Amino acid sequence: MDPSLFLQSQLSQALNGLSDRAKEAKEFLVQLRNMVQQIQENSVEFEACLVAQCDALIDALNRRKAQLLARVNKEHEHKLKVVRDQISHCTVKLRQTTGLMEYCLEVIKENDPSGFLQISDALIRRVHLTEDQWGKGTLTPRMTTDFDLSLDNSPLLQSIHQLDFVQVKASSPVPAIPILQLEECCTHNNSATLSWKQPPLSTVPAEGYILELDDGNGGQFREVYVGKETMCTVDGLHFNSTYNARVKAFNKTGVSQYSKTLVLQTSEVAWFAFDPGSAHSDIIFSNDNLTVTCSSYDDRVVLGKTGFSKGVHYWELTIDRYDNHPDPAFGVARMDVMKDVMLGKDDKAWAMYVDNNRSWFMHNNSHTNRTEGGIAKGATIGVLLDLNRKTLTFFINDEQQGPIAFENVEGLFFPAVSLNRNVQVTLHTGLPVPDFYSSRASIA
């Protein structure tokens, strides 16, 4: 065989192999150019997602700022209302006192000894009673002018500095970690609303979510919701407590890791109104369910809308109308208390009932501790439920009525009132525990 022909055959075969490699190289270059295009498109999409996430954080911060400003304004209005109510209350008492003094001075000037003897004892008792009403605490402001609020933004600033990308594996068989939507998470009184979503670039669908809260005292987490929804409201939490919340997603393959933990603070004091849904049908509501009276001459019961099982809570009721010396009752009760008899007639209520001269404590139709201290139009009834010490205490015009009314009270209690058509009362909530009680509690 001609050597040249043999070499030509070898060269031809080598060229064929090289041609295949060149063809593969051209296809690879096309692939690389397509990757450049895809990277540019993905970069635009990812930048848009990043901007949207950062904008969402900014929007959430602005909304939170508005909420915090609203709280400051609410505190401002509350302080003004408490001071104005005290001004009104003190003005009425001062007018009554001045009128009594002027009347007594005119009686003293009269030259009718026999007539004076007939009314002198009653006038002396009335003067002493009026003087007693100006007792300790009456001339003490119920509200301070300071705003006891301080904004701690250091944890948020730290979180912003730690904000970084997380490598997400699209092939992960379990769902991605849910994201708590801070702008939609909030608390109201003793309820918390939480909202969450899947990450925008998540490719693994979630079949459901598990929401967990701790006990409000740094204890173990517990499941409070399992389902497909991405929002949940949890009721019946303790007031003035800090809760930690977290959520995770699941599908048939497994469960994701937990989201970041969100800290929630329930209200320090309770704001509530009377509850039309559980009240006797004869109860008449007005003033956004803060004022009640009755259409019947018989006693009827109305409960507050919020129940308490932990902490110290104080609320007041002013007597707007008091005709024909009725016996209204004030206190706390279980949800299933009898609604058509005086509060305290059954074993589901703990109450103080009063007339224009005296007050009595009553539970399960048992009367105890009859004390001096009646009511009239304009009087203020204070109810202090201390579930830390398991006690219930009553006040009339800031004066404690007898000793602690009831001890060893445990469970879930609702503020309660019983009254008839001769009485109208207005509820005042969101009040701090009185300073004089705090002093006694610290000594005890």
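**Exercise 1. Find where Glu183 sits and which residues it touches from elsewhere in the chain.**

Start with the location: Glu183 is in the loop that joins strand E1 (179–180) to strand E2 (186–188). Keep in mind as you work that this is a predicted model.

Next, look across to Leu61. Leu61 and Glu183 are 122 residues apart along the chain, yet their C-alpha atoms are separated by 7.5 Å.

Finally, check the contacts. Once you skip neighbours within four places in sequence, Glu183 is in contact with Ala60 and Arg63.

**Exercise 2. Describe the span that UniProt labels as a domain.**

First, the record: an unreviewed UniProt entry carries the annotation "domain: Fibronectin type-III" for residues 174–269.

Then look at the model itself. Residues 174–269 are 0% helix and 43% strand, and the end C-alpha atoms of this span lie 42 Å apart.

**Exercise 3. Decide whether Leu264 is buried or exposed, and list what it touches.**

Begin by placing it: Leu264 belongs to strand E8 (residues 262–265).

Now the accessibility. Leu264 has 7% relative accessibility, so it counts as buried; the cut-off for buried is under 20%.

Then pick a partner further along the chain. Asn244 is 20 residues from Leu264 in sequence, and the C-alpha atoms of the two are 6.2 Å apart.

Last, the contacts: leaving out residues up to four places away in sequence, Leu264 touches Thr187, Ala192, Leu194, Ser241, Thr242, Tyr243 and Ala245.

**Exercise 4. Work out how the rings of Trp350 and Phe413 are arranged.**

To set the scene, the whole structure holds 11 aromatic pairs.

For this pair, the ring centres of Trp350 and Phe413 are 5.4 Å apart and the planes meet at 80°, so you call it edge-to-face; the angle cut-off for that is over 60 degrees.

Now place the partners. Trp350 is in strand E14 (residues 349–354) and Phe413 is in the loop between strand E20 (406–407) and strand E21 (414–419), so the pair ties together parts 63 residues apart in sequence. Both Trp350 and Phe413 are buried.

Elsewhere, ring pairs link Phe239, Phe272, Phe308 and Trp315 into a cluster.

**Exercise 5. Describe the second largest pocket and its lining.**

Size comes first: this pocket holds about 930 Å³ of space.

Next, count the lining. There are 28 residues around the second largest pocket, and Leu129, Gln133, Asn356, Gly374 and Ala376 lie nearest its centre. Helix H1 (3–109) and helix H2 (113–133) are the elements that give two or more residues to this lining, with H1 giving the most, six residues.

To finish, sort the lining by type: eight nonpolar, 13 polar and seven charged.

Definitions and conventions: Residues numbered from 1 in each chain as written. Predicted model: local features only at pLDDT ≥ 70, side-chain atom pairs only at ≥ 80, totals over all residues. Heavy atoms only, no water. 1 Å grid on protein atoms, 1.4 Å probe; cavity = no way out; pocket = protein on both sides within 12 Å on 5 of 7 lines; lining within 4 Å. Points joined across faces, edges and corners; volume = space filled by probe spheres on them. Helix = DSSP H or I, 4+ residues; strand = E, 2+ residues; numbered from the N terminus. Nonpolar A, V, L, I, M, F, W, Y, C, P; charged D, E, K, R; others polar. UniProt positions renumbered as here; feature names shortened; annotations may be inferred. Contact = heavy atoms within 4.5 Å. Phe/Tyr/Trp six-rings, centres within 6.5 Å; stacked < 30°, edge-to-face > 60°. Buried < 20%, exposed > 50% of the residue type's maximum accessible area, 1.4 Å probe, protein only.
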